[in-house]
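Trainee: I have a new structure open and no idea where to start. Can you walk me through it?

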Amino acid sequence: MSHNCALPVTSEGVYPFDARGVAKRFRHAAIFGALDSLQPGETMRFCNDHDPLPLLSQINARFGPNVSIAYVQRNPGEIVIDFKVLG
């Protein structure tokens with residue numbers, strides 16, 4: 001399994017967030033804090049070593065339609081998701 005997740009940033013307003021470097025007990029709080037700090041139109045490009053399905057449910061419950069979720073990469077051990085703040 002590779003531990004080298006590519007976080008391609010192709011445009012301004014896209015900010016990388018590698019969750020693998022954050023202690024597991026702090027990850028969700030750090031992710032919510034990062035999303036709270038984004039302005040409408042900005043994107044957090046999230047990288048993780050597993051598909052964070054419980055986190056996605058929590059983001060939907062907390063932010064609803066104000067944050068879009070789009071997979072950029074979905075390989076075993078390397079998940080990249082764009083969370084874009086819509087409004």
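Mentor: We will go through the sheet, then the helices, then the core.
Mentor: This is a predicted model, where local features need pLDDT of at least 70, side-chain atom pairs count only at pLDDT 80 or more, and totals for chains, interfaces and linings use all residues. Residues are numbered from 1 along each chain as its sequence is written, and side-chain values use heavy atoms, with hydrogens and water left out.

Trainee: Fine. In what order do the four strands sit in the sheet?
Mentor: The open sheet has the order β1-β2-β4-β3, with mixed pairing. Strands here are DSSP runs of E with at least two residues, helices are runs of H or I with at least four, and both are numbered from the N terminus. Two strands pair if DSSP finds at least two bridges between them.

Trainee: Which ones are the edge strands?
Mentor: β1 (14-18) and β3 (67-75), each pairing on one side only.

Trainee: And how many bridges join β1 to β2?
Mentor: Five, and the two strands run parallel. Phenylalanine 17 stands opposite phenylalanine 46 in β2.

Trainee: What about β2 and β4, parallel or antiparallel?
Mentor: Antiparallel, over six bridges. β3 and β4 are also paired in the antiparallel sense, with eight bridges. They form a hairpin with two residues between them, and glycine 77 in the turn has a positive phi of about 85 degrees.

Trainee: Switching to helices. Where does α1 pack?
Mentor: α1 (residues 27-37) packs on the sheet and touches β1, β2 and β4 (78-85). Contact means heavy atoms within 4.5 Å. Helix α2 (residues 53-63) lies across β2, β3 and β4.

Trainee: At what angle do α1 and α2 pack?
Mentor: About 40 degrees, with the axes 12 Å apart. Axes are lines fitted to C-alpha atoms, for helices over the stretch in contact, and angles run from 0 to 180 degrees between N-to-C directions. The two helices, α1 and α2, are therefore oblique to each other; under 35 degrees counts as roughly parallel, over 145 as roughly antiparallel, 65 to 115 as roughly perpendicular, and the rest as oblique.

Trainee: Last one. Which residues does Isoleucine 31 touch?
Mentor: Leaving out residues up to four places away in sequence, Phe17, Met44, Phe46, Leu55 and Ile59.

Trainee: How much of β4 is buried?
Mentor: Seven of its eight residues, so to speak of β4 as mostly covered is fair. Buried means under 20% relative accessible area, exposed over 50%, and partly exposed in between (1.4 Å probe, protein chains only).
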